[in-house]
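This report describes a protein chain through its open and closed spaces, its cysteine links and two selected residues. The sequence and structure come below.

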Amino acid sequence: MREPNLRTSRLAIAGGLVAALALAGGGFLLGRSTSPRPDSAPPPALQPAPPSPAQPEPPHILGRADLLALAAKAADAAASGQALPTGLQGKRFELALPFGCAGPAAADSAAPVRWRYDAAQQTLRVHVAPARWSLADWGLAPDKGGDGTSGEGDTGVDARAGEAAGQARLEGFWIERPWSSAETCPPVPPGPAASEGASAPLLPPEQTLAFAQWRTEAGRTDTARAGRAYDLVKRLAPDAAPGPKGLRIRLIGRVARLPDGGSLRCTQAAGPGQRPVCLLAVTLDEVRIENPADEAVLGTWAEAIVQP
């Protein structure tokens with residue numbers, strides 16, 4: 001083993017110093033490169049996107065189930081001596097009424113609502129005549145002034161009001177089977193058809209709900225079709241002719257008002273033991289006749305309001 005001399009000791013000390021300086025300089029440079037600069041700002045924090053404004057829901061269109069529920073509430077109120085539902089005027093509705101469920105009418109039929117198909121001529125004929133009532137039928141007094149006023153103090157207004165009162169009427173449709181929300185013909189019960197000698201049903205069908213327009217010569221809710229039936233003659237191939245589902249009338253419009261200011265009217269002409277018979281005032285915008293078998297629209301009538 002060699003003893004270190006002065007020269008080798010100096011070299012060793014010098015080498016250690018150089019290594020220490022190199023390590024210190026490298027650490028300093030590494031620290032500068034990784035430490036944040038004092039003049040650099042931190043990146044901005046991400047802000048959450050503002051919530052999108054809520055879109056208004058489209059107005060609800062009353063359907064058959066809604067209208068039947070409304071009529072049931074009105075009948076209950078009338079039978080209980082309570083006020084009928086209000087705040088209905090202007091609400092939109094769409095109602096489908098099936099008809100001709102028993103098949104085509106006979107050639108000499110005078111039914112107000114009927115259809116008949118001529119296979120030889122491939123022609124469909126439809127006749128839909130609205131029901132008519134006087135205001136007195138529903139226990140309603142005429143709106144004398146034509147604008148919700150009585151017209152007192154003006155003999156000319158009184159004369160015109162009296163004339164209009166005699167001509168005012170209601171036109172519309174009874175709602176068949178008001179206990180069902182289905183907008184299609186009822187299913188045919190199984191088993192043989194009833195014979196001619198079969199006994200009559202226990203109770204005849206009862207009409208308890210009607211939709212009607214209040215028509216007056218003053219033109220408040222009168223239309224260009226006042227008093228006219230919806231008649232349709234259309235060529236159809238045999239495979240497009242009405243089938244077991246019959247046809248349907250689609251009524252599109254808005255709830256209106258009656259001369260007493262309300263939209264609903266219920267009566268019990270036979271006394272409190274009778275189920276109330278109710279009427280809803282409407283203004284029809286459009287009437288369609290449709291074939292539910294293929295959803296085809298066979299005819300459309302626009303109910304344009306006639307201005308006085």
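The lining of the largest pocket in this predicted model consists of 21 nonpolar, 5 polar and 5 charged residues. The volume of this pocket is about 660 Å³. P98, F99, G100, V113 and E176 are the closest to its centre of the 31 residues that line it. Strand 1, strand 2 and strand 5 are the elements that each give two or more residues to this lining.

**Enclosed space**

Besides the pocket, the structure has 3 cavities of 30 Å³ or more. For the largest cavity, the volume is about 80 Å³. Residues that line this cavity include P130, E171, G172, F173, Y230 and L251. Also among them are F211, A212, Q213 and R215, together with V282 and L284. Strand 5, strand 6 and strand 10 each give two or more residues to the cavity lining, and strand 6 gives the most, with 4 residues. By residue class, the lining of the largest cavity splits into 8 nonpolar, 2 polar and 2 charged.

**Disulfides**

The chain contains 2 disulfides. A bond of this kind is covalent and joins the sulfur atoms of two cysteines. Counting the bonded cysteines along the chain, the pairing pattern is 1-2, 3-4.

One disulfide is formed by C101 and C185, with 2.0 Å between their sulfur atoms. C101 sits in the loop between strand 1 (92-99) and strand 2 (113-118), while C185 sits in the loop between strand 5 (169-174) and strand 6 (209-215), so the bond ties together parts that are 84 residues apart in sequence. The torsion about the S-S bond of C101 and C185 is about -80°, which makes this disulfide left-handed.

The other disulfide joins C266 to C278, with an S to S distance of 2.0 Å. C266 belongs to strand 9 (residues 264-267) and C278 to strand 10 (residues 277-291); the two are 12 residues apart, and the pair links distant parts of the chain. The link of C266 and C278 is right-handed, with 105° about the S-S bond.

The accessibility of the four cysteines is set out below.

| Cysteine | Relative accessibility | Class |
|---|---|---|
| C101 | 31% | partly exposed |
| C185 | 13% | buried |
| C266 | 15% | buried |
| C278 | 2% | buried |

The cut-off for buried is under 20% relative accessible area. C185, at 13%, therefore counts as buried. C101, at 31%, is not under that cut-off and is not over the 50% needed for exposed, so C101 counts as partly exposed.

**Two buried residues**

A71 is part of helix 2 (residues 64-80). Its relative accessibility is 10%, so A71 counts as buried. Beyond its neighbours within four places in sequence, A71 is in contact with L209 and C278. C278 is the cysteine that a disulfide joins to C266. L209 falls within strand 6 (209-215). A71 and P85 are 14 residues apart along the chain, and their C-alpha atoms are separated by 9.1 Å.

P242 lies in the loop between strand 7 (230-235) and strand 8 (247-255). With a relative accessible area of 12%, P242 is buried. Setting aside neighbours within four places in sequence, the contacts of P242 are W115, L124, L247 and N291. W115 falls within strand 2 (113-118), and L247 within strand 8 (247-255). N291 falls within strand 10 (residues 277-291). P242 and W115 are 127 residues apart in sequence, yet their C-alpha atoms are 8.9 Å apart in space.

**The chain as a whole**

The chain has 3 helices and 11 strands. Their order along the sequence is α-α-β-β-β-β-α-β-β-β-β-β-β-β. Of the 308 residues in the chain, 33% are buried. Among contacts with a separation of 6 or more, 75% are between residues 24 or more positions apart. The accessible surface of the chain is about 19,500 Å², and carbon and sulfur atoms account for 58% of that surface.

How values were computed:
Residues are numbered from 1 along each chain as its sequence is written. This is a predicted model: local features need pLDDT of at least 70, side-chain atom pairs count only at pLDDT 80 or more; totals for chains, interfaces and linings use all residues. Side-chain values use heavy atoms; hydrogens and water are left out. A disulfide is a pair of cysteine sulfur atoms within 2.5 Å. Buried means under 20% relative accessible area, exposed over 50%, partly exposed in between (1.4 Å probe, protein chains only). Contact means heavy atoms within 4.5 Å. On a 1 Å grid over the protein atoms alone, a cavity is a set of points where a 1.4 Å probe fits but cannot get out, and a pocket is an open set with protein on both sides within 12 Å along at least five of seven lines; lining residues have an atom within 4 Å of a point. Grid points are joined across faces, edges and corners, and a volume is the space filled by probe spheres set on the points. Ala, Val, Leu, Ile, Met, Phe, Trp, Tyr, Cys and Pro count as nonpolar, Asp, Glu, Lys and Arg as charged, and the others, Gly among them, as polar. Accessible areas come from the Shrake-Rupley method with a 1.4 Å probe; for residues, only the protein chains shown count as cover.
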